[in-house]
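Here are a few exercises to work through with the model open beside you. Try each task before reading its solution.

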Amino acid sequence: MSSPGSIGSVSAALAKDRLGVPAVVFFILSAVAPLTVVAGVVTTLYAVTGLVAIGAAFLVVAVILAIFSAGYVAMARRITNAGAFYAFVSRGLGRPAGVGVALIAVVAYNLLQVGLYGMFGAQVAGYVESKGGPVVDWYWYALAAWAIVTILGLLRVDLNGVVLAVLLTAEVVVVLVLTVGGIGKPADGITFASLNPADLWGAPGIGALLVTALLGFVGFEASAVFSEESKNPRRTVPIATYTSLAVIAVVYAAASWAMSVHYGDAAVAATAGEMGPGMLFAMSSSTIAEVASVLFLTSLFAAMLSFHSAVGRYMFALGRERVLPRALGRTNLRTGAPRAASLTQSVIGLVVIALYAVFGWDPVVQLFFWGGTTGGLGVLIMIITTAVGIIAFFARDPQGENLWRRLIAPALALVFLVYMLYSGLTNFSQLLGVEPGSTPAWALPSVYAVAGVIGLLYGFWLKAARQDVYRGIGLGANAVTGRAIIDEGQQPFAPLGTR
């Protein structure tokens, strides 16, 4: 029988050396779902804000996240843990704070993942019906996707990477073709207003605009989530993070620019309000538009699979360290996948789909849009907390890092990120499209306050009552032995009880 705290070295560890830089990049970009963002988020921003400089908003957010990533990847070189933000905050701000962020992460990533089922089901149902197929309720298509994701979630992570690579490559190629098509047929000549950041400053609701643009980048941080399964994580995580940010920024900015050029700076906002996502598909031939419509559906599926993998690894990390039930910290001995955590996430998805089906709630607005917006807010909260944790971590021990990575970059990013959070919270009703003061406007963001406080109190309780569990928080694979092993530069915690 295993002793307490010892789950077994094989079942408590994710499969190593399965993912190279390209595979991690595919996981990140699939979670980001470029075609979904370009067709949905970009057109919505044009329609709602009336601004032309939407491409510039994505570039500004990319720069802010790249600055944040200087400290993020520096910390990732020293901490290899599928818990990512949770582990970083635990090491920087102390274990109780780490547990608080962990619960926020579980809520946020589950909202993002499960919300995608609503959009996928509704879009497939509409597409099939438009082609003369049978009229079928959205939840049947959502359940079919759920079943496939559940199965793939139990397979080798590198096999999932192959699936995502195929889907994502086709998706990005189509976005680029549509972008070139739009630029090739300008309404009023080639202009660059969409890429001019000067047009953003002073614009009403600029903070809320940047928060919405940030939603298009949610998933970039997943490079650290897959660090335990990466080949040479000290190299893979930084390259995958910066590569993903660069690709995302270029694709979004270029597509936004193409729309403004194709429809004209003066008319692009009104066109977005009339056509919605269809304005993207209309920039090229009917054949390309048809292919893009299909890939829009596969984009949603790829995002579901990628977020499912990320959520499973977060819950696995917490189960391995017994912050959540220790059964979640077991993997499939044959595939190395986090079996129990993956199945738990699937159960959550099934319950949500069933509830929305039974009560007849709107799968697009009340599941996908509200869930995605609230999930993105949670990721922003985690990024901010991690930035503070990075500063605190390197303040105690610079680890040989230069001043830019250990202090200036995370502090500079923190200023912009806090402003974005403040603006997002004060304009959350606008982001959701509901009346100010309505229940969703205050209840949805309040979920994170509740999760954070519960996690913080739980962390302090573990410190007082379960020292065996408490000292393993943030140690990753070493948590099963209660010891911090220095591996390739990974640093141990401060002495027990100090944080």
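**Exercise 1.** In this predicted model, work out which parts of the chain the salt bridge between Arg322 and Asp468 links.

*Solution.* Start with the contact: the side chains of Arg322 and Asp468 meet with N to O at 3.5 Å, and the cut-off for a salt bridge is 4 Å. Next, place the partners. Arg322 sits in the loop between helix H12 (286–320) and helix H13 (339–359), while Asp468 belongs to helix H18 (residues 467–470). The two are 146 residues apart, so the pair links distant parts of the chain.

**Exercise 2.** Are Arg322 and Asp468 buried or exposed, or in between?

*Solution.* Buried means under 20% relative accessible area, and exposed means over 50%. Arg322 has 16%, so Arg322 is buried. Asp468 has 29%, so Asp468 is partly exposed.

**Exercise 3.** Find which residues are linked with Glu401 in a network of salt bridges.

*Solution.* Begin with Arg77, whose closest N and O atoms to Glu401 are 3.2 Å apart. Arg77 lies in the loop between helix H3 (54–76) and helix H4 (85–93), and Glu401 in the loop between helix H14 (363–396) and H15, so this salt bridge ties together parts that are 324 residues apart in sequence. Then turn to Arg405, which meets Glu401 in a salt bridge at 2.5 Å, N to O. The network is made up of Arg77, Arg78, Glu401 and Arg405. Finally, check accessibility: Glu401 is buried at 5%, whereas Arg405 is partly exposed at 27%.

Methods. Residues are numbered from 1 along each chain as its sequence is written. This is a predicted model: local features need pLDDT of at least 70, side-chain atom pairs count only at pLDDT 80 or more; totals for chains, interfaces and linings use all residues. Side-chain values use heavy atoms; hydrogens and water are left out. Helices (H or I, at least four residues) and strands (E, at least two) are DSSP runs, numbered from the N terminus. Buried means under 20% relative accessible area, exposed over 50%, partly exposed in between (1.4 Å probe, protein chains only).
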